[in-house]
Amino acid sequence: NVGPNHPDVAASLNILALLYDNQGQYAKAEPLYKRALTIREGALGPNHPDVAASLNNLAELFRVQGQYARAEPLYKRALAIQEKALGPNHPDVAANLNNLALLHYTQGQYAQAEPLYKRALAILEKALGPDHPDVAVSLNNLAELYRVQGQYARAEPLYKRALAIQEKALGPNHPDVATSLNNLAELYRSQSQYTQAEPLCK
């Protein structure tokens, strides 16, 4: 018999919250995420990976609404839990580092975002191998960070490596490949290198 404070209830609350979240109904999603977090903390203890997952859900909800000051401490607490429970080189740690980096990136805090993106990339390369599609996502994140700062020479090889990984792992017609081609084209356009950009925009 599942009582109101059982972890299965938290999982159900999260599913419902995610539905509202995806529809942009953040005011309905927030109390459900918070209730799920409270249940998990009580049933599993404050340092369980599922608690970190709940903290991330709530942090993401705040981030997409531009409530960065509310999101950041939740990401950081989730990261600390994951590092302790899963180890510092777990892919879930990398995902959280990318989330925290994106939070800084969105606010133009590039110096804070860069080491987080770099650490996430290193973790994923080690955990998943250098040719995994998740590594390509991390490479694109870091490349974007350099591109918006006008550091084109640092961005270009990262974009190209991401593109090569995606074409090999996902096939040339995958949407992620198209996104990477657009990123690379945008890099060339930023430098007025239109002859290099044009073939990428097929």
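This report describes the packing of two helices in a predicted model, one buried residue and the nonpolar core.

Local features in this predicted model need pLDDT of at least 70, side-chain atom pairs count only at pLDDT 80 or more, and totals for chains, interfaces and linings use all residues. Residues are numbered from 1 along each chain as its sequence is written, and side-chain values use heavy atoms, without hydrogens and water.

Helices are DSSP runs (H or I, at least four residues) numbered from the N terminus. Helix α7 covers residues 133-148 and helix α8 residues 152-170; their axes, lines fitted to C-alpha atoms over the stretch in contact, lie 8 Å apart. The angle between them, on a scale from 0 to 180 degrees between N-to-C directions, is about 160 degrees. The two helices are therefore roughly antiparallel (an angle over 145 degrees).

Contact means heavy atoms within 4.5 Å. Among the residues of α7 that meet α8 are A136, L139, N140 and L142, and the α8 side includes L158, I165 and Q166.

Q166 is found in helix α8. Because its relative accessibility is 2%, Q166 counts as buried (under 20% relative accessible area, 1.4 Å probe, protein chains only).

The table lists contacts of two residues, leaving aside neighbours within four places in sequence.

| Residue | Contacts (heavy atoms within 4.5 Å) |
|---|---|
| Q166 | A136, N140, G171, D176, V177, S180 |
| L97 | L79, L116, R119, A120, I123 |

A nonpolar core is a set of buried Ala, Val, Leu, Ile, Met, Phe, Trp, Tyr and Cys residues joined through side-chain atoms within 4.5 Å. The largest one has 52 residues, and L55, L58, L97, L139 and L142 have the most contacts inside it.

Definitions and conventions: Parallel < 35°, antiparallel > 145°, perpendicular 65-115°, else oblique. Buried < 20%, exposed > 50% of the residue type's maximum accessible area, 1.4 Å probe, protein only.
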